[in-house]
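Please load the model in a viewer and keep the selection panel open. The tour proceeds by selection, one stop at a time.

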Amino acid sequence: MRLFGLDVLRFAWGALVGYPSRALLMLLAMSIGVASVVMLTALGEGARSYVRGEFASLGTNLLTVIPGRSETGGFSPSTLMGETPRDLTLADAQALTRSYSVRRVAPLNVGSAEVSRKGRVRDTVILGATHDMLALRRWQIMQGKFLPKIRWNRAMPVTVIGNKVREELFGTEPALGQWLRIGDRRFRVIGIMGSEGRSIGVDVEETVYIPVASAQQLFNTSSLFRILVEARSRNSLPAVEKYIIKTLQTRHQGVKDVTVITQDAVLLTFDKIIGALTYSVGGIAAISLMVAGILIMNVMLVAVSQRTAEIGLLKALGADHRQILSIFVGEALLLSSLGAVAGLIIGELGSLALRQAFPVLPAYAPLWAIAAAMGVALGTGALFSLLPARRAAALDPVTALSRR
Amino acid sequence: MPVIQLQQIHRDFQVGDQVVHALDDINLQIDAGDYLSIMGPSGSGKSTLLNLIGLLDRATSGHYILNGQDVTVLSDTEQATTRNKTIGFVFQSFHLVPRLSAAANVELPLMLAGMSVEERRSKVAKALEALHLSDRAEHKPDQLSGGQRQRVAIARATVTEPAVLLADEPTGNLDRKSGLDVMGILEALNDRGITLIVVTHDAELGQRARRQLHMLDGRIHREEQEG
């Protein structure tokens, strides 16, 4: 190599500064491409961590027992629907508490009923729950107390209402200690749930909580929607899962008719979905990088014809094929790396803005996406400058010099 | 000792379905330190001959021996290296890179030669000084007069200390006074041993050379030589 890399850079820099509008145009295209890759993947990663966080708030030691057996096991839509060959009962739930590895068990009943007070009526999701539910779901009470610690099969006319339900039924009046009507029964409000703590599947603020036995009476059923089991540690999860299945099998006359879902299985599925989304969105953004590459090719072609005389001169001064090539490829590389850096800064600033605007979404671009964006930017820059550079190198010096 | 030997050089161009003989059986020998002018009307082949001597163009047939080496058989890259080392060009329209300072323009051939930065700097300074351009080193071409631009171009052509200096209508874009000034500089370089070849259609200018070639239709029509 007769030409120093540093000289190529210096020369390229001079050329860029010499034609600022051209350089800015290419810089813009490159930086938009890189910025969109960075921001979109940041968004995807943010969504992923958001979902992860949601599940973590649910407790990773959590097992969900659903009536009905899905033959393949794992997580599938039918297991969520919960078909019921044999009902889960409060006695089943009670039986699950008899292992040391089980920290908490929460039987659950869900239904919908009219909640009314002084002529205001609202159709609301009713959750039949127990005292332990609060700790198990990491919920927090805003005012008053959660459901009392009583025997599960004991009904009691007390209720905890979500803050939105309170607003709609009580307005500015105090709600604690007041009575309201759920279906055809009267309940006394003992607590109010705020939005503190997050929860998937349940809008904490729009739900009304009553003791599980009361819910069974209200909906006239003896079965449970599902049972949540919290293991004492992550390591004991497989053992607890086996224990649950075995216990319930014994209680159900030897039929394996329940499904146990671990949080991990659900999380993994969401993780996969969001991961695929992130990849595809990042891929779409990478296409804009290719477009930027094509723009670079066009602008470089214009540059070659603009600077024909200069190329002729360089040849007359003894520049060979390789030197002309490296001058133009170097120029494109310099441009695309500047564009990539500018794009990275814009993308990171955009992600920062996203994080400011949506604090729940930790939008940080993953390292692989940043590396890939930079790599693709440089790659397209080099690739798409090859054609113009070759054209420049192949110019006939005599004709090139005679052009002014 | 001849620095340039041309043996039965032909250069044909295809124009449409016609073959134009731009150079037609040229035989020429130029000694080191010679001062040669090539004259003739436009289309006579004088520029083609200069480009061929400058290795910017290749002969269709014949041999070109430069410094004892047959350069017609060299590859493009080898020719580029030879051009860089042994030939300096001065053009009618100067061909300075507009965005580069005078010093950076002069530095170009040294950069292409892969010379170290320190070595370049001292050579460029010397070349500029020799042409009384030291105070113009950081000026851009558009801040220089025509005569100054051509002097920068001459500094660039001579900074590599080439054996041969080729000038294609070097005064064509200059007023008379700057033109004479530039010719004086070129001739002073020739006095110090460089082989100078000037292409011009200006008879007065051409007659300053010791050897004068008159070209017509691709052939050397007439040659005059002083003492």
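The stops below run from one whole chain to a strand, then to the chain contact and a helix.

The model is predicted: local features need pLDDT of at least 70, side-chain atom pairs count only at pLDDT 80 or more, and totals for chains, interfaces and linings use all residues. Residues are numbered from 1 along each chain as its sequence is written, while chains are lettered from A and ligands numbered from 1 in the order in which they are written.

**Chain B**

Select chain B, which holds 7 helices and 10 strands (DSSP runs numbered from the N terminus, helices being H or I of at least four residues and strands E of at least two). Of its 227 residues, 45% are buried (20 or more other C-beta atoms within 10 Å of the residue's own, with 12 or fewer counting as exposed, anything in between as partly exposed, and C-beta atoms placed from the backbone). Among contacts in chain B with a separation of 6 or more, 69% join residues 24 or more positions apart (a contact requires C-beta atoms, placed from the backbone, within 7 Å).

**Strand S8(B)**

Next select residues 195–199 of chain B, strand S8: 5 of its 5 residues are buried, so the strand is largely enclosed by the rest of the structure. Which residues cover each side? Thr195(B), Ile197(B) and Val199(B) are buried on one face, and Leu196(B) and Val198(B) on the other.

Add strand S3 of chain B (residues 35–39), which pairs with S8(B) in the parallel sense over 4 bridges (pairing requires at least two DSSP bridges between the strands). Here Tyr35(B) has Leu196(B) as its bridge partner.

Then add strand S7 of chain B (residues 164–168), paired with S8(B) in the parallel sense over 5 bridges; Leu166(B) stands opposite Ile197(B). From S7(B) the chain passes through helix H6 of chain B (residues 176–191) to S8(B) in a right-handed β-α-β crossover (with the strands pointing away from the viewer, the path from the first strand over the helix to the second runs clockwise).

**Contact between chains A and B**

Show both chains: the contact takes 20 residues from chain A and 23 from chain B. On the chain A side, the elements giving two or more residues include helices H1 (5–18) and H11 (321–357). H10(A) gives the most, with 4 residues.

**Helix H12(A)**

Finally, select residues 367–394 of chain A, helix H12, with 28 residues. Centre on Leu386(A), where H12(A) bends by about 40° (the angle between axes fitted to the seven residues ending there and the seven starting there). Pro388(A) follows within four residues.

Conventions:
Two residues are in contact if their C-beta atoms, placed from the backbone, lie within 7 Å. The expected span of a helix is 1.5 Å times one less than its number of residues.
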